[in-house]
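Here are some notes to read alongside the model, for someone opening it for the first time. They go point by point, so feel free to jump around.

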2 protein chains.
Amino acid sequence: MADEVGRDPEAVSKFVESFAAQLVEAGMQRMPARVFAALLSSDEGVMSSAELGEQLRISPAAVSGAVRYLTMTHMVSREREPGSRRERYRVHGDQWYEALTNREALIKRWEGALREGVSSLGADTPAGRRMAETLAFFEFVEGEVAAMMERWRAHRRQLFGGEG
Amino acid sequence: MADEVGRDPEAVSKFVESFAAQLVEAGMQRMPARVFAALLSSDEGVMSSAELGEQLRISPAAVSGAVRYLTMTHMVSREREPGSRRERYRVHGDQWYEALTNREALIKRWEGALREGVSSLGADTPAGRRMAETLAFFEFVEGEVAAMMERWRAHRRQLFGGEG
DNA sequence: CGCTTCTTTCAGAAATTTGTGAAGTTAAGG
DNA sequence: CCTTAACTTCACAAATTTCTGAAAGAAGCG
């Protein structure tokens with residue numbers, strides 16, 4: 001496996017850590033953030049568990065935990081080369097930020113909590129009305145996001161061409 | 001100060017805690033989340049420091065810290081009745097979720113980190129191209145969100161009328 | 001101008017979260 | 001079927017975060 005020479009490992013590491021820090025500040029846990037940033041900055045967008053552990057100086061256990069989170073949120077997918085027990089993790093380049101905007105499940109739960117609030121506090125009370133409005137906002141956003149992503153794909157095609 | 005009878009305090013508290021839990025899961029700290037949920041479920045959308053402390057069973061210090069966070073993120077504003085040293089905190093009903101979508105500063109920093117990544121890894125490398133695309137996505141979203149909020153306001157007017 | 005009431009700051013105790021080593025599990029290859 | 005390489009799970013130590021009581025800091029009111 002030829003190392004990609006021409007890449008300054010220190011520059012890569014610097015980017016990885018600084019981008020991970022931004023993700024952490026946005027609420028992501030540290031290890032998932034670092035693993036994700038490492039994948040994002042790898043040339044192929046693919047790394048093995050061992051490579052991740054080595055570059056980030058973390059234990060296999062930490063890699064495992066981070067990857068579990070990242071795959072559950074669909075920011076990363078796992079692959080296996082046929083006839084190997086080496087797992088490979090891939091960031092899909094145009095899927096991960098779609099996953100980012102895709103807080104569907106989260107929004108659904110907010111909506112659930114708000115609906116309960118409206119009915120338990122009373123739809124005819126000021127607080128109930130405030131919650132009903134908030135609920136309407138989330139429902140609105142839910143629809144808009146889908147349309148926005150459609151426009152993005154068109155825009156992207158225009159900027160980068162059909163495949164990326 | 002007449003207690004609002006007709007409101008079941010237990011139902012209110014149940015909503016407050018369950019909505020706060022959702023906010024926590026989305027990355028907000030516990031105390032800000034609880035304080036915010038309490039305000040949201042109050043009839044006038046306004047509560048004093050003492051009322052918050054009493055309902056949530058937390059110290060004045062905790063209220064202070066939570067409110068500091070909430071005002072910094074523009075989810076809550078502080079008021080003072082003239083001629084009183086009692087602070088009052090208000091959730092604006094149609095401002096707070098605008099603040100929620102308004103991750104302007106956050107997105108700007110992500111963009112900064114990505115720009116650095118593109119230039120330090122090389123715009124002509126696969127990784128550099130992946131980051132450039134991600135950057136383009138954020139720039140796109142930034143513009144779209146503003147337009148979306150404009151549409152929301154129109155939609156809202158249609159649903160609830162001009163003032164709320 | 002001092003008293004009183006409310007808010008903020010701060011140090012530290014308590015609780016939670018995080019990452020590791022070690023043991024356990026799965027599956028490829030002989 | 002056994003060996004071995006790789007990933008995962010688990011208990012615990014360490015680090016971090018969170019919330020409180022106490023003291024300090026503002027600001028109305030007499």
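1. Let's start at DNA strand D, keeping in mind that this is a predicted model. A polar backbone atom of Arg85(A) sits 3.2 Å from a sugar or linking oxygen of DNA strand D. Glu87(A) also uses its backbone: one of its polar backbone atoms is 3.0 Å from a phosphate oxygen of that strand. From chain B comes a side chain, with a polar atom of Ser59(B) lying 3.1 Å from a phosphate oxygen of DNA strand D.

2. Who else is around DNA strand D? There are 20 residues around it, and the nearest are Arg78(A), Glu87(A), Met31(B), Ser59(B) and Gly83(B). Of the strand's atoms that come within 4 Å of the protein, 78% are sugar or phosphate.

3. Which elements supply at least two residues each to the surface near DNA strand D? In chain A they are H4 and strand S3 (87–90), and in chain B they are helix H2 (30–41) and H4. H4(A) gives the most, with 4 residues. Sorted by class, this surface has 8 charged, 7 nonpolar and 5 polar residues.

4. Now turn to DNA strand C. It is surrounded by 20 residues, and the closest are Met31(A), Ser59(A), Gly83(A), Arg78(B) and Glu87(B). Sugar or phosphate makes up 78% of the atoms of DNA strand C within 4 Å of the protein, and bases make up the rest.

5. Three polar contacts are worth finding on DNA strand C. The side chain of Ser59(A) has an N or O atom 3.0 Å from a phosphate oxygen. Gly83(A) places a polar backbone atom 3.0 Å from a phosphate oxygen of the strand. Over on chain B, a backbone N or O atom of Glu87(B) is also found 3.0 Å from a phosphate oxygen of DNA strand C. The elements giving two or more residues to this surface are helix H2 (30–41) and helix H4 (60–72) of chain A, plus helix H4 (60–72) and strand S3 (87–90) of chain B. H4(B) has the largest share, 4 residues. By class, the count near DNA strand C is 7 nonpolar, 5 polar and 8 charged.

6. How are the two protein chains related? Chain A can be laid on chain B with an RMSD of 0.2 Å, using a turn of 180° and a shift of 0.0 Å along the axis. The copies are therefore related as by a two-fold rotation axis. If you want to locate that axis, look at Gly27(A): its C-alpha is the nearest to the axis in chain A, 2.6 Å away.

7. A word on the record. An unreviewed UniProt entry annotates residues 27–87 of chain A as "domain: HTH marR-type". In the model, that span is 54% helix and 13% strand, and its end C-alpha atoms are 27 Å apart.

8. Next, the aromatic rings. The structure holds 16 aromatic pairs over all chains. Take Phe137(A) and Trp152(B): their ring centres are 5.1 Å apart and their planes stand at 75°, so this is an edge-to-face pair. Phe137(A) lies in helix H7 (residues 126–160) of chain A and Trp152(B) in helix H7 (residues 126–160) of chain B, so the pair joins two chains. Both residues, Phe137(A) and Trp152(B), are buried.

9. Ring pairs also build a cluster. It links Phe15(A), Phe19(A), Phe36(A), Trp96(A) and Trp152(A) with Trp110(B), Phe137(B), Phe138(B) and Phe140(B).

10. While you are in H7, find Thr134(A), which is placed in that helix of chain A. Buried or exposed? Thr134(A) has 0% relative accessibility, so it counts as buried. Its side chain reaches the backbone oxygen of Arg130(A) at 3.0 Å.

11. Last, a backbone detail to check. His74(A) is not a glycine, yet it has a positive phi of about 65°. It sits in the loop between H4 and strand S2 (77–80) of chain A, and at 60% relative accessibility it counts as exposed. In chain B, phi of His74(B) is likewise positive, near 65°. His74(B) is placed in the loop between H4 and strand S2 (77–80) of chain B, and it counts as exposed at 59% relative accessibility.

Note on methods:
Residues numbered from 1 in each chain as written. Chains lettered and ligands numbered in written order. Predicted model: local features only at pLDDT ≥ 70, side-chain atom pairs only at ≥ 80, totals over all residues. Heavy atoms only, no water. Phe/Tyr/Trp six-rings, centres within 6.5 Å; stacked < 30°, edge-to-face > 60°. Buried < 20%, exposed > 50% of the residue type's maximum accessible area, 1.4 Å probe, protein only. Near = heavy atom within 4 Å. Polar contact = N/O pair within 3.5 Å; in protein donor to acceptor, adjacent residues only side chain to side chain. Nonpolar A, V, L, I, M, F, W, Y, C, P; charged D, E, K, R; others polar. UniProt positions renumbered as here; feature names shortened; annotations may be inferred. Least-squares fit on C-alpha atoms with pLDDT ≥ 70 in both.
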